[in-house]
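Visitor: I'd like to walk through this one and hear the reasoning behind the labels. Could you start with whatever I need for helix packing?

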Amino acid sequence: MKVLIVEDEKTMALEMEAFLKKSSYLCDLAYTAKQAGKMMEDNSYSFILLDLGLPDRDGLEVLREAKKNCPDASYIILTARGDLEDRIKGLDLGADDYLPKPFSLLELQSRMQAIQRRKSGLNDSRVLLGDFMIDLIKRAVFFEEQEIELSRREFDLLSYMLLHKNRPLTRSQLSDHVWGDYSEGDYDSNFIDVHIKNIRKKMTAFAPVEWLQTIRGIGYKIKI
Amino acid sequence: MKLLSKLTLYTTLSKIAIVILFIWLLPRLVNDVASRYTNYYLKEQKKKVLDNIHKKGIDYYLGGDSSYGSYTMLKEEYISLEPSYTELPVDTIETSRRIVENDTLTYRLLNHVFEYGHKKYMLEIGKTVAAIDQYNGPLQRVALYVLIGLIAFTLIVDLIFTRLLLRPLGLIIRTKLVNRKFPFKEDLLPIKTSTTDFKYLDNSLIGLMNKIKEAFEKEREFTSNASHELMTPIGILQNKLENLMMDNEMSEESQEKIIGMMNTLNRLKKIVRSLLFISRIENDQFAKADHVKPRLLMEEVVKELEDRLEARGIDLRLKVSEDLTLYAINRDLIFQLIYNLVNNAIRYNKEGGKILISDQLIPGKSYTLLIEDTGTGIQENDLANIFDRFKKSKIAGEGYGLGLSIVQTIAQYHGIDIDVRSIYGEGSVFSIIFPGAMLSKPSAIV
């Protein structure tokens, strides 16, 4: 899957590239609107990650034009400006999602997957996890035909860990995802523990959950 | 007490005092004047009589008799002349009774003894006190009426003039001081007055307020720019650390250190984000065009925080009326405000504690949401500072963070008052007081 990263901060663009490469995305980098325009003409992309604060042109203009050149791509707007107006205008212009800087790369990937799922329909929304089946669109967990009731946050946690499976996630990364802007760092870590305990309790009633591992001093990981 | 009331009171009381003093003084004055005049009159009469005797001889009066007496028709005045056997005393004037033809009357009497033809005579001239006092009553009344009339007139003039004079002061207070909520948004117009003191006061106030406004705007701009500039490097650091974390070769020890760094960075990110959020509110970036039922908003907040309540075993009760609507607000901001307060009520509560959310409506005046907890409470000397950015609690050793600063900023932005009462060790009550104007639909919806 091909991704175009349009970001004038080189270091940041490189970090995004390094991260996405590991999740087997192919990445092109553009540091200016001009470069980006050229690349969009020559290639087709599944994702275009667009920083609105480009040095040579207004990001929203770039987006408007890009939508013409690459109508099939999914767009995620990245911005440090964080103005509500930018967000609304961006989404109005057809962006699929919006991430305010600074953002977590895990969050970026999770948003990309969510867009992908949304666009591809129900086909790949069901994932096997041990003896369980997770439906990411219906937001439900099944053991055989039996549905297991998880709370909204519990499901958020489970699906996030599942998306970043085999990777240790810290408590604050998890709380950032679950509570977003309302996350409160250290204080929230305790609640992550409570939620994980609940997930374990609810699911072990049906089958073992040894895939959900606690990593001492760090956090949690789903190992498959 | 207001200056105008004080001046009014002073003017009125001083005039009343003058009237009372005058009423007390008037009879004495009039009596005194009347008595002096009578004495003078009697002396004049005496002079006339002596003159007559001197010119025409004593028989002009005595006519051969040994004594002479005469009085006016109503016995108001009388004169008597009779031989005297006493020494020659000095003239006396006294008030005394005399019987004149069976009538006993009180007279003001002048006694004069003189020698005429080697004989001593006593001349007595009298005037009834009743005749003297005849004009006293009406005189006093008229004087009193004139005085009261004058006083009433000056009082009214004084009061009107004071009112006019003080009007610019009232205007200064009304437009510059009363109900002014910081930050001041609108431009300040100087008031019109010819009183230089007021002009000076007004200009000084405008100058000061503009200075404050400027300083505040600078700070706002700085916060906004600085926070914004900080976001990019924080983002780069965060992403670098995230990539580093994925390196499988890393030792457990290094991984833990990286997590420590990530947590610190996270804290930094939260702070900068909150500051940016505050400066965005202060920069008017949120429209106040939503309307919302507080009950529904509360339910939403509680739902959002359900798992925290559950995890800490806290019993939350919601007693908020269902059919009330608040207008002209920003829904997201008010949500955030309530969220922060309820979140604090959970966070600083004790395990298994209680939270009561209730409301109070004073129709037309205000609508108050009360969030009551059974938590740790706030020390009295900390109460004043809890809304300050970065102010640390002295006892708990932990900061209240920016949560309450955000609450305050949102409240100020909406003209909402936040009231805090707290008993250390027992709990706190946060009151969100919405102004009455929010309870009705704004008339002009643009």
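Guide: Sure. Axes are lines fitted to C-alpha atoms, for helices over the stretch in contact, and angles run from 0 to 180 degrees between N-to-C directions. Keep in mind that this is a predicted model.

Visitor: So why is α2(A) called roughly parallel to α3(A)?

Guide: Helix α2 (residues 33-42) and helix α3 (residues 59-69) of chain A pack at an angle of about 10 degrees, their axes 10 Å apart. Angles under 35 degrees count as roughly parallel, so α2(A) and α3(A) get that label.

Visitor: What makes the contact of α2(A) with α3(A), residue by residue?

Guide: From α2(A) come A:Ala33, A:Ala36, A:Gly37, A:Met40 and A:Glu41, and they meet A:Val62, A:Glu65, A:Ala66 and A:Asn69 of α3(A). By class, that's five nonpolar, two polar and two charged.

Visitor: How do you know that helix α7 of chain A is mostly covered?

Guide: A residue is buried if 20 or more other C-beta atoms lie within 10 Å of its own. In α7 (residues 171-179), eight of the nine residues are buried, including A:Arg171, A:Asp176 and A:His177. After α7(A) comes A:Gly180, with a positive phi near 55 degrees.

Visitor: And what makes up the side of chain B that touches chain A?

Guide: Chain B puts 28 residues into the contact and chain A puts in 31. On chain B, α5 (196-245), α6 (252-282), α8 (306-311) and α9 (331-347) supply at least two residues each. The largest share, 11 residues, is from α5(B). This side of chain B has nine nonpolar, 10 polar and nine charged residues.

Notes: Residues are numbered from 1 along each chain as its sequence is written. Chains are lettered from A and ligands numbered from 1 in the order in which they are written. This is a predicted model: local features need pLDDT of at least 70, side-chain atom pairs count only at pLDDT 80 or more; totals for chains, interfaces and linings use all residues. Two residues are in contact if their C-beta atoms, placed from the backbone, lie within 7 Å. Helices (H or I, at least four residues) and strands (E, at least two) are DSSP runs, numbered from the N terminus. Ala, Val, Leu, Ile, Met, Phe, Trp, Tyr, Cys and Pro count as nonpolar, Asp, Glu, Lys and Arg as charged, and the others, Gly among them, as polar. A residue is buried if 20 or more other C-beta atoms lie within 10 Å of its own, exposed if 12 or fewer, and partly exposed in between; C-beta atoms are placed from the backbone. Angles under 35 degrees count as roughly parallel, over 145 as roughly antiparallel, 65 to 115 as roughly perpendicular and the rest as oblique.
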